[in-house]
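Welcome! Take a moment to look over the chain before reading on. This short report walks through it one part at a time.

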Amino acid sequence: MSTPTALLSATGVRKSFPIDGSNIEVLHGVDLHITEGEFVAVMGPSGSGKSTLLYAVSGMDPVDAGDVHLAGTELTTLDGDGLADARRELMGFVFQQPTLLKDLPLLDNIVLTSALDKVGTPAERRARAEELMTRAGIWELRDRMTSQVSGGQLQRAGICRALMRRPRIIFGDEPTGALNSTAAGEIMDLLSDLNAEGTTLLVVTHDVRVAARAHRVVFMVDGQVTDELLLDADDEETRVDLVTRRVRELRI
Ligand SMILES: Nc1ncnc2c1ncn2[C@@H]1O[C@H](COP(=O)(O)OP(=O)(O)OP(=O)(O)O)[C@@H](O)[C@H]1O
């Protein structure tokens, strides 16, 4: 039997920030290994280092120590240009609030980064955006400004933008944090479908319903991964129940 390949492999990751005049370590040697096609959720108390871990393993923020391999590249050895290339070619990012430009229609926002990077022709970029926006149910909103759409529609646009370059992994930091439960469910349907088609997901969340969609939940406490939960039940309520129980046990 072949061993599944780790798409992302982080070992011994340490990260400090200067806080109140001293250097405080917030990640204390974290290991995280994610297989291609996996959906991993990260949960933990506020301040436990979840977002810091996400930024460290995606090369958004340099680490103080440790290795981070993504798709065969050691991110910690890359310079600024190399990291920017790796981010553009391999990764997509979805944040709590997408940072779309206010005075541009949704479609232009979605194609903007690919246009600046001269990926494909304008017709190819538009076709890709149409495919993604249709799928996300926002194609008919393509000419609307970002101020004229709902939070859920904006987040769908943010996901479309993240998908323009067909990333192998999507990093999500509270992707449903600003949404009501219906919109959150729709966003998670979209992300789960993408995952079912092979896109790897690493998502930081406080929401048990979001975490319950994952194959595996990793729990962080005080800058360390302290526990994990494999979710192989088919039934959604069973999965939610399993995550809820573990969250209570760990007092997260
Ligand atoms: N840029 C920074 N400068 C200084 N301290 C930081 C910085 N970023 C994070 N920290 C600190 O690192 C610790 C971990 O923060 P992080 O945002 O990773 O936690 P989190 O688990 O994602 O929290 P939350 O669930 O509240 O978003 C916190 O104590 C935070 O104050």
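## The nonpolar core

A nonpolar core is a set of buried Ala, Val, Leu, Ile, Met, Phe, Trp, Tyr and Cys residues joined through C-beta atoms within 7 Å. Here, buried means that 20 or more other C-beta atoms lie within 10 Å of a residue's own. Keep in mind as you read that this is a predicted model.

In this structure, the largest nonpolar core has 69 residues, and the members that touch the most others are V40, A41, V57, I110, C160, A211 and V217. Let us pick one of them, A211. Leaving aside residues up to four places away in sequence, A211 touches A41, M43, T205, V217 and V243.

## The four-stranded sheet

A little background helps here. Strands of a sheet pair through backbone hydrogen bonds, and they can do this in a parallel or an antiparallel way. One open sheet in this model has four strands in the order β2-β1-β4-β5, with antiparallel pairing. Strands β2 (22-35) and β5 (73-74) are at the edges and have a single partner strand each, so one side of each is left without a neighbour in the sheet.

Now look at strand β1, residues 6-19, which is joined to β2 by eleven bridges, the two running antiparallel. Within this pair, V13 has V30 of β2 as its bridge partner, and I19 stands opposite S22 of β2. The two strands make a hairpin with two residues between them, and D20 in that turn has a positive phi of about 50°. Strand β1 is also linked to β4, by five antiparallel bridges; in that pairing, L8 stands opposite L70 of β4.

## Two residues to look up

Is S22 buried or exposed? With 8 other C-beta atoms within 10 Å, S22 is exposed. This residue belongs to strand β2. S22 and T176 are 154 residues apart along the chain, and their C-alpha atoms are separated by 34 Å.

Next, find A71 in the loop between β4 (65-70) and β5. A71 is not a glycine, yet its phi is positive, at about 50°. A71 counts as partly exposed because it has 18 C-beta neighbours inside 10 Å.

## The six-stranded sheet

The model also has an open sheet of six strands, ordered β6-β7-β8-β3-β9-β10, and its pairing is mixed. At the edges stand β6 (91-94) and β10, each having a single partner strand, so one side of each lacks a neighbour in the sheet. From one strand to the next, the twist averages 20°.

What does mixed pairing look like in practice? Strands β6 and β7 (residues 169-173) run parallel and are joined by four bridges; M91 has I169 of β7 as its bridge partner. Strands β9 (residues 216-221) and β10 (residues 224-230), in contrast, run antiparallel and are joined by six bridges. In this second pair, V221 is matched with Q224 of β10.

Strands β9 and β10 form a hairpin with two residues between the strands. D222 is located in the loop between β9 and β10, and its phi is near 45°, a positive value in a residue other than glycine. D222 is partly exposed, since 13 other C-beta atoms lie within 10 Å.

## Around the ligand

Which residues surround the ligand? They are F17, I19, V26, G44, S46, G47, S48, G49, K50, S51 and T52. Sorted by class, this shell has three nonpolar, seven polar and one charged residues.

Strand β1 and helix α1 (50-57) each supply at least two residues of the shell. With three residues, α1 gives the most to it.

## A closer look at α1

Since α1 contributes to the ligand's shell, let us see how the helix sits in the model. Six of its eight residues are buried, so α1 is largely enclosed by the rest of the structure. The buried residues in α1 are K50, T52, L53, L54, A56 and V57.

Two of the names in that list appeared earlier: K50 and T52 are among the residues around the ligand. V57 also came up before, as one of the core residues that touch the most other members. Just after α1, G59 takes a positive phi of about 75°.

How values were computed
Residues are numbered from 1 along each chain as its sequence is written. This is a predicted model: local features need pLDDT of at least 70, side-chain atom pairs count only at pLDDT 80 or more; totals for chains, interfaces and linings use all residues. Two strands pair if DSSP finds at least two bridges between them. A residue is near a molecule or strand if its C-beta atom, placed from the backbone, lies within 6 Å of it. Ala, Val, Leu, Ile, Met, Phe, Trp, Tyr, Cys and Pro count as nonpolar, Asp, Glu, Lys and Arg as charged, and the others, Gly among them, as polar. A residue is buried if 20 or more other C-beta atoms lie within 10 Å of its own, exposed if 12 or fewer, and partly exposed in between; C-beta atoms are placed from the backbone. Two residues are in contact if their C-beta atoms, placed from the backbone, lie within 7 Å. Axes are lines fitted to C-alpha atoms, for helices over the stretch in contact, and angles run from 0 to 180 degrees between N-to-C directions.
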